[in-house]
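Dear colleague,

I am passing on to you the structure that we talked about, and below it I set out what was found in it. Please read the notes with the structure open beside you.

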Amino acid sequence: RQEIPDANCRALAEASERGVRIVVTTGRRYHSARPLVASLPFPETLITSNGAIVRSRSGELLHKNCLPRSVAVQVLEASAQYRPYAVAIYDKPGRGQVIMQHNAAADGPLQWYLRTAREYLLRVPDLPAKLPGDPIQVMFGGEPAFLEPLEHVLRASPAGQHVHLTWTKYFERGISLLDV
């Protein structure tokens, strides 16, 4: 619900008062997570994007571990038939934080980003050609049976030895995410 439950806030405040250094860790993008924790007076550090981005409370970048652009291009070229289900995620404010192709599939992540992050979404005609730099990740989202073969495609591709693949499967919603 885009909020931190009151009970969690109270527990964190109590821990902070006892001298515990609070670090918020989330799979969310930094620019998506920051507003949720901005009202909390105690987090010293914010670890986002599943550990790829670490920033201080003031926003200073402490650590960044991104996918090299050349590897991201290899991933996208090897997965041409899945490209309408692909998203490239960047650590930047505003439009271009989330990049998808113009022909993004309605049954993929497009609807989610149109609903939750429209101001960050940039749609381009050719995703691999338009990657502006090293993304935090490339992600594919869609119906589980459709996406399942993609893991094997990527492992057999030239990028296969350079990437880590992680599945998140929401069986009750009929959606899977493959993070690269």
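What volume does the largest pocket have? The model is a predicted one, and in it the volume of the largest pocket comes to about 900 Å³. Its lining is made up of 31 residues, and those closest to the centre of the pocket are Trp112, Tyr113, Met139, Tyr170 and Leu177. Two or more lining residues are given by each of the elements α2 (30-37), α4 (110-116), β8 (137-142), β9 and β10, and the largest share, five residues, comes from α4. Sorted by class, the lining of the largest pocket holds 11 nonpolar, 13 polar and seven charged residues.

Two of the strands that contribute to this lining, β9 and β10, are also worth following for their pairing. Strand β9 (residues 166-170) and strand β10 (residues 175-179) run antiparallel and are joined by five bridges. Together they form a hairpin with four residues between the strands, and in the turn Gly174 has a positive phi of about 70°. Leu177, which is among the residues closest to the centre of the largest pocket, stands in β10 opposite Thr168.

The second largest pocket contains about 370 Å³ of space. It is lined by 16 residues, and nearest its centre lie Ala52, Asn65, Ile136, Gln137 and Val180. Its lining divides into seven nonpolar, eight polar and one charged residues.

Turning to the charged side chains, how many salt bridges does a search of the whole structure find? The search finds five, and I describe three of them here, beginning with the pair formed by Glu44 and Arg21, whose closest N and O atoms are 2.8 Å apart. This pair links distant parts of the chain, since Glu44 belongs to strand β2 (residues 43-48) while Arg21 sits in the loop between α1 (6-17) and β1 (22-25), with 23 residues separating the two in sequence. Glu44 has a relative accessibility of 33% and therefore counts as partly exposed, whereas Arg21, with a relative accessible area of 64%, is exposed.

Another salt bridge is the one in which the side chains of Arg55 and Asp91 meet, at 2.6 Å from N to O. Arg55 lies in strand β3 (residues 53-56) and Asp91 in the loop between β5 (86-89) and β6 (98-101), so this pair ties together parts of the chain that are 36 residues apart in sequence. Are the two partners buried or exposed? Arg55 is buried, because its relative accessible area of 12% is under the 20% limit used for that word, and Asp91, at 14% relative accessibility, counts as buried too.

A further salt bridge joins the side chains of Arg155 and Glu151, with 2.9 Å from N to O. Here both residues lie in helix α6 (residues 144-156), four residues apart, which is about one turn of the helix. The partners fall into separate accessibility classes, for Arg155 counts as partly exposed at 46% relative accessibility, while Glu151 is buried with a relative accessible area of 18%.

If you have time for one part of the model, the hairpin of β9 and β10 is a convenient place to begin, as both strands give residues to the lining of the largest pocket.

With kind regards

Note on methods: Residues are numbered from 1 along each chain as its sequence is written. This is a predicted model: local features need pLDDT of at least 70, side-chain atom pairs count only at pLDDT 80 or more; totals for chains, interfaces and linings use all residues. Side-chain values use heavy atoms; hydrogens and water are left out. A salt bridge is a side-chain nitrogen of Lys or Arg within 4 Å of a carboxyl oxygen of Asp or Glu. Buried means under 20% relative accessible area, exposed over 50%, partly exposed in between (1.4 Å probe, protein chains only). Two strands pair if DSSP finds at least two bridges between them. On a 1 Å grid over the protein atoms alone, a cavity is a set of points where a 1.4 Å probe fits but cannot get out, and a pocket is an open set with protein on both sides within 12 Å along at least five of seven lines; lining residues have an atom within 4 Å of a point. Grid points are joined across faces, edges and corners, and a volume is the space filled by probe spheres set on the points. Ala, Val, Leu, Ile, Met, Phe, Trp, Tyr, Cys and Pro count as nonpolar, Asp, Glu, Lys and Arg as charged, and the others, Gly among them, as polar.
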